[in-house]
Amino acid sequence: MKALLKLTNVTKRFGGLVAVDNVSFCIEEGEVVGLIGPNGAGKTTLLNVISGVYHPDSGTVEFNGKDITRMPPEEICRLGIARTYQIPQPFPDMTALNNVAVAVLYGKKRRNMSLADAELEASYFLEFVGLFSKRNTLARDLTLYELRMLELARALATSPRLLLIDEAMAGLNPAESLRAIKMIKTAQEHFGLTILWIEHVMKIIMNSAERIIVLHYGRKIAEGPPKMIAEDKKVIEAYLGERYA
Amino acid sequence: MVSLEFRRDRIVFRYGDQKYEWVIEPRYWRNPVIGALVLMVLPFLVYQYPNILTMITTANIYAAIAIMLSLQTIGTARLNFGPQFYVGIGGYTAALLNLYFGLNSALTLIVTILVSLLFAFLISPIVLIARGLYFALITLILPLIFLEITFVYGDIFRGESGLSGIAPLLNLGSVSWNYLAYYFLSLAMMLIYLLVVDKTMRSRYGLAMAAINDNEDVARTVGVNVNKYKILSYVIPSVGMGVAGWFIAHTFRTFAGITYLSLDFMVKILLMIIIGGRASIYGSIVGGYFVAFLEEGLRTLGPINYVVFPLTLILCVYMLPEGLWGLYHKRHYRDYYPKLRVRRR
């Protein structure tokens, strides 16, 4: 299998702080990869590097055999990488439908699509995540769960091949997070996505991901299937301290 | 092929495959159409009073500038504090070319568009490098520099006394006909601006601008080419303002830097879009007329009006945070159902 996303020796510094330190890994087509690590391990920074919000200081990011290290985020998005945010970032003063319509219109090459056509297509994605009844609600009036689903719909609307999920479960109650996981899994099967999934809740990531990458102080300390990670000494040390290792 | 059908609640007009419906029930009336009709009838009611005609002509020009400024504010997600810069550029280009080179108004229009396009493109990178306070400062300083230039090179620009004797746009023989004609020309300009901006805001480009207005960084990650849209929505309204300057120069036949480049004029335009309703395009027309009426009405008070005028405007901003348009819009927000909602700041 060919690697869909390939990071080689990616380093990102903020002044003296090394947020991501020499990280390399591959993600293959169709995989669900978990990215975990304690607070401040550089998970979100890594996501921002992949989606083009930050450019790495050294190292390269390749997507589908194409170097995207220095590309602006909008071009990376059009190549097929979509993301969601840890704190939902909708367009607060637009309706849910228009939120998704922006992604439909601009997330891929749609030169001659009118706004009405885009809204029609956007309604499909809204229906998919179960927000169709909220299509004319302003995004700032939605609840947290609905916002997360709106972000998912917006990400799916750009027809991505790789979906970057940044803590989709943060702040959701157990029932909602179960629904959210189900939704993400359905989306993965339905659209044939590859997913890189940051998550704090161990139980979820252990059940969902096929492979897990562990970051600690910006370094990759372990990589492998969930069972192996759960028994890895370095990982336990990073999470619980030396005593438990 | 062609059929006209009168129903109880609507008039249906069919032409080939096309079908147009005109709903007669008052709450579905197209308010912009009614507004335009009122503005078209208005001058015939007051045609005996040239000063009122001049006032509503000025109001139209104000509204045209304010509409363009609203588009710029929404599209760049930044408030331009120097809209009068392009008015000045347009006006001075027209006036100087007409007076010193004898170009007629059609030619000066073309050159005005080109010159303001050039300046807008040269200055447009500020929408990429500056935001918030820095953008406000840069845009605030630009027209003041221009004003300074009109004073320093006073023998060319006549910044204090003003260039006068510019060729009129048209001459119909009688003075009152001229006033009417200028009113309709200004109305046409304003309505064309309104139509263009309205169509833009309701199109896919409007959606991109709304996204930029809401959150630039997120707009980028869903694939909107933010830089392109910001530059375009800085440049195009700037050209529109330049054309408004050209219109001022050829209509009032005099153009002075001290009138149009000074802070007074800036405050007027900015308050127009605020009083109108936070950069809503229909609100800017209401704001334009309000400011022009107030300006003219307070003139009878004598010199004290220079204090009363800004105080009234400040009071309006304080009492009506949503603007005059907000008063209407609050009761009729359903009018805009499922249309674009844009954050106005």
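**Exercise 1. The first hairpin of chain A**

How many residues lie between β1(A) and β2(A) in the hairpin they form, and which residue in the turn has a positive phi? Work it out on this predicted model, then describe how β1(A) pairs.

Solution.
- Step 1. Take the two strands: β1 covers residues 3–14 of chain A and β2 covers residues 17–28. Their pairing is antiparallel and extends over eight bridges.
- Step 2. Look at the turn. Two residues separate β1(A) from β2(A) in the hairpin, and A:G15 has a positive phi of about 60 degrees.
- Step 3. Fix the register. A:K6 faces A:C26 in β2(A).
- Step 4. Find another partner of β1(A). Strand β4 (residues 58–63) of chain A runs antiparallel to β1(A), and five bridges join them. Here A:L5 is opposite A:F63.

**Exercise 2. The six-stranded sheet of chain A**

Give the strand order of the open sheet of six strands in chain A, name its edge strands, and place helix α1(A) relative to the sheet strands.

Solution.
- Step 1. Read off the order: β6-β7-β8-β3-β9-β10, with mixed pairing.
- Step 2. Identify the edges. β6 (81–83) and β10 (219–224) of chain A each pair on one side only, which makes them the edge strands.
- Step 3. State the twist. From one strand to the next it averages 20 degrees.
- Step 4. Examine the pair at the β10(A) end. β9 (residues 211–216) of chain A pairs with β10(A) in the antiparallel sense, over five bridges. A:I213 has A:E223 in β10(A) as its bridge partner.
- Step 5. Add the helix. α1 (residues 43–51) of chain A lies across β3, β6, β7, β8 and β9 of chain A. Relative to β7(A), helix α1(A) runs at about 150 degrees.

**Exercise 3. Two leucines of chain A**

Decide whether A:L164 is buried or exposed, do likewise for A:L142, and list the residues that each touches.

Solution.
- Step 1. Locate A:L164: this residue is in strand β7 (residues 162–166) of chain A.
- Step 2. Count its neighbours. There are 25 other C-beta atoms within 10 Å of A:L164. The cut-off for a buried residue is 20 or more, so A:L164 is buried.
- Step 3. List its contacts. Leaving out residues up to four places away in sequence, A:L164 touches A:L47, A:I50, A:S51, A:I81, A:R83 and A:L196.
- Step 4. Check a pair separated in sequence. A:W197 is 33 residues from A:L164 along the chain, yet their C-alpha atoms are 6.0 Å apart.
- Step 5. Turn to A:L142, which sits in the loop between α4 (115–128) and α5 (144–157) of chain A. With 20 other C-beta atoms within 10 Å, A:L142 is buried.
- Step 6. List its contacts under the sequence filter of up to four places. A:L142 touches A:A96, A:K134, A:T137, A:L147 and A:L150.
- Step 7. Compare positions along the chain and in space. A:L142 and A:P92 are 50 residues apart in sequence, and 9.3 Å separates their C-alpha atoms.

**Exercise 4. The contact between chains B and A**

Describe the side of chain B that touches chain A, then give the packing of α9(B) against α11(B).

Solution.
- Step 1. Count residues on both sides. Chain B contributes 20 residues in contact with 28 residues of chain A.
- Step 2. Assign elements. Those giving two or more residues from chain B are α9 (204–214) and α10 (216–221) of chain B. The largest share, six residues, is that of α9(B).
- Step 3. Sort the chain B residues by class: ten are nonpolar, five polar and five charged.
- Step 4. Follow α9(B) to its packing within chain B. The axes of α9(B) and α11(B) (residues 226–252) come within 10 Å and cross at roughly 100 degrees. The two helices are therefore roughly perpendicular.
- Step 5. Name the residues that meet. From α9(B) they are B:A208, B:M209 and B:I212; from α11(B) they are B:V226, B:Y229, B:K230 and B:S233. By class, this contact has five nonpolar residues, one polar and one charged.

**Exercise 5. The overall form of chain B**

How does the radius of gyration of chain B stand against that of a compact globule with 345 residues?

Solution.
- Step 1. Compare values. A compact globule with 345 residues would have a radius of gyration near 20 Å, and the 21 Å of chain B agrees.
- Step 2. Add the extents. The C-alpha trace of chain B spans about 65 × 55 × 45 Å along its principal axes.
- Step 3. Add composition and burial. Chain B has 16 helices and five strands, and 44% of its 345 residues count as buried.
- Step 4. Consider contact range. Of the contacts in chain B between residues at least 6 apart in sequence, 74% join residues at least 24 apart.

Definitions and conventions. Residues numbered from 1 in each chain as written. Chains lettered and ligands numbered in written order. Predicted model: local features only at pLDDT ≥ 70, side-chain atom pairs only at ≥ 80, totals over all residues. Contact = placed C-beta atoms within 7 Å. Helix = DSSP H or I, 4+ residues; strand = E, 2+ residues; numbered from the N terminus. Nonpolar A, V, L, I, M, F, W, Y, C, P; charged D, E, K, R; others polar. Axes fitted to C-alpha atoms, helices over the stretch in contact; angles between N-to-C directions. Parallel < 35°, antiparallel > 145°, perpendicular 65-115°, else oblique. Pairing = 2+ DSSP bridges. Buried ≥ 20, exposed ≤ 12 C-beta atoms within 10 Å, placed from the backbone. Rg over C-alpha atoms; globule rule 2.2 N^0.38 Å.
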